[in-house]
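Open your viewer, load the chain and keep the selection box handy. We will go from stop to stop, with something to select at each one.

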Amino acid sequence: MPGSVEPLDLVGVQIPYHFRCPISLELMRDPVTVCTGQTYDRSSIESWVATGNTTCPVTRSPLSDFTLIPNHTLRRLIQDWCVAHRSFGVERIPTPKQPADPSLVRSLLSQLSSTSSCLPALRRLRSLARDSDKNRSLIASLGARHALLSILFSSPDHPDLALESLAVLSLFQLTDCTESDCTAIASDPDKVSFLARLLFHPSSLEVRVNSAALIEATVAGTRSQELRAQVSGAEGILEGVVALLRDAGAAYPRAAKVGLKALFALCLVKQTRHLAVAAGAPEALVDRLADCSAGADAERALATAELLCRVPAGCAAFGAHALTVPLLVKAILKISDRATEYAAGALLSLCTAKERCQGEAVAAGVMTQLLLLVQSDCTERAKRKAQMLLKLLRDSWPDDSTGNNSDDFACSEVVVPF
């Protein structure tokens, strides 16, 4: 780097210019050298190349070789500099883990066909996959997913192999499973039954979570409604997912997240929603709603509640829970447009089915929420549901609930969808 470049300032100290990446101008965390002899931070030069650039950013010379060689000496100097300036609040950068070698991954995948070397190879693959997204992408690109699924469902006499392969699978984006993989699982009752049994694993919550994740991916990735219903209606599936939701604690948030995703996917199947109700899904969802008040988890919980409220037994179960109506009212306009729509839909079903729920909703302040909703920028479906609720609850309005102009509200103009 040219000597005229001034050092940048960080938390009151100056970073030497040769410790900064020429691309990002930030302190390098993983310096690597390219074929032109220039050194860059790994993430910066990888992004540079990924966007189609084929020249060295500093020299503008063509990159004839895209191999990135770790500059260990410079990285140690940077780490020593960080330690020397820690009194200024500079944190020492951790020693980066090097990306997996493609030849090593190929070797490990080839060892999966051998019973004697399969388990060590799976554990090594799991360790590599945990290290970085890049490693996971590499392992997946070399066909690991198909091999892992094969081991998972063909090792009844070797439970360690099955559970380890499931653990490695869970580190990938299971939503990327091919339709053929999902169909192969959904169409095989033995495979579905095996996953259902894992939902009740006696000693490992992680195994239960990983099984639920694969079940969700299978249902979501299968187009056939018949096969989706077959999975959703399989013995133990819904009971296991609901039990996972109940057991999910603050110490393991992934259990709640995966449990909600799996339950929502299963409840999209109309034919088996009554089974979810019988398994105790309404009570588990209300408990989850009490714990999560924002984000995708709350949206999924509300969406699933709305689906189950369309089932008479589900509506009755939600209506019997003292917290259901207050939590649904509280969710309106508090989380997201989608969450508002789901909460309004569930409330509409409950208040239509049970007069008692109407009084509970009014007592919880639903009138103010609904009037704000119909004047907001929320979705048209949410507004339509709010208008229908207002019309339904008109007789329950306290005299002073909406002010002196409550009679002027145009509930008579509600358009009821057929």
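In which helix is Arg288 found? Select residues 281–291: this is helix 15, and Arg288 is found there. Before going further, please keep in mind that this is a predicted model.

**Stop 1: Arg288**

Show the side chain of Arg288 and add a surface. At 12% relative accessibility, Arg288 falls under the 20% limit and therefore counts as buried. Now bring up what surrounds it: leaving out residues up to four places away in sequence, Arg288 touches Leu245, Ala248, Ala256 and Leu260. Ala248 deserves a distance label, since its backbone oxygen lies 3.1 Å from a polar atom of the Arg288 side chain. For a second label, pick the C-alpha atoms of Arg288 and Arg246, which are separated by 8.3 Å although their positions lie 42 residues apart along the chain.

**Stop 2: the domains**

Zoom out and colour by domain. The domain assignment gives domain 1 (17–88), domain 2 (99–176), domain 3 (177–279) and domain 4 (295–395). Keep domain 2 and domain 3 on screen for a moment. Their centres, taken over C-alpha atoms, are separated by 22 Å. Where they meet, 15 residues of domain 2 are in contact with 17 residues of domain 3.

**Stop 3: Glu164**

Select residues 159–170, which form helix 7, and pick out Glu164 within them. Is Glu164 buried or exposed? Its relative accessible area is 9%, so Glu164 is buried. Setting aside neighbours within four places in sequence, the residues in contact with Glu164 are Leu119, Leu122, Arg123 and Arg126. Show those four as sticks to see two leucines and two arginines around the glutamate.

**Stop 4: the second largest pocket**

Next, select Asp30, Arg42, Ser43, Glu46, Pro96, Lys97, Gln98, Pro99, Asp131, Ser132, Lys134 and Asn135, the residues that line the second largest pocket. Two elements give two or more residues to this lining: helix 1 (42–50) and helix 5 (133–141). The largest share, three residues, comes from helix 1. About 180 Å³ of space lies in the pocket.

Colour the lining by residue class and you will find two nonpolar, four polar and six charged residues. Why does the second largest pocket lie between domain 1 and domain 2? Both domain 1 (17–88) and domain 2 (99–176) give residues to its lining, so the pocket lies between them.

**Stop 5: Cys21 and Thr33**

Go on to Cys21, in the loop between strand 2 (13–15) and strand 3. With a relative accessible area of 0%, Cys21 is buried. Beyond its neighbours up to four places away in sequence, Cys21 touches Glu26, Met28, Tyr40, Asp41 and Ser44. Cys21 and Pro31 are 10 residues apart along the chain, and 7.9 Å separate their C-alpha atoms.

Strand 3 itself covers residues 31–33, and Thr33 has its place there. Thr33 counts as buried too, at 17% relative accessibility. Draw a line between the side chains of Thr33 and Thr39: a polar contact of 3.0 Å joins them. Thr39 is one of the residues that Thr33 touches; with residues up to four places away in sequence left out, the others are Gln38, Thr67, Leu68, Ile69 and Asn71.

**Stop 6: two positive phi angles**

Turn on the backbone torsions. Arg60, which is not a glycine, has a positive phi of about 65°. Look for Arg60 in the loop between helix 1 and strand 5 (69–70). At 55% relative accessibility, Arg60 counts as exposed.

Then jump to Leu333, likewise not a glycine and with a positive phi of about 65°. Leu333 is found in the loop between helix 18 (324–331) and helix 19 (337–353). Its relative accessible area is 34%, so Leu333 is partly exposed.

**Stop 7: Val311**

For the last stop, select Val311 in the loop between helix 16 (295–309) and helix 17 (312–320). Val311 is buried, with a relative accessible area of 16%. Which residues does Val311 touch, not counting those up to four places away in sequence? They are Arg273 and His274. Finish with one more C-alpha to C-alpha label, from Val311 to Leu289: they are 22 residues apart in sequence and 19 Å apart in space.

Methods:
Residues numbered from 1 in each chain as written. Predicted model: local features only at pLDDT ≥ 70, side-chain atom pairs only at ≥ 80, totals over all residues. Heavy atoms only, no water. 1 Å grid on protein atoms, 1.4 Å probe; cavity = no way out; pocket = protein on both sides within 12 Å on 5 of 7 lines; lining within 4 Å. Points joined across faces, edges and corners; volume = space filled by probe spheres on them. Helix = DSSP H or I, 4+ residues; strand = E, 2+ residues; numbered from the N terminus. Nonpolar A, V, L, I, M, F, W, Y, C, P; charged D, E, K, R; others polar. Domains from an automatic or database assignment. Buried < 20%, exposed > 50% of the residue type's maximum accessible area, 1.4 Å probe, protein only. Polar contact = N/O pair within 3.5 Å; in protein donor to acceptor, adjacent residues only side chain to side chain. Contact = heavy atoms within 4.5 Å.
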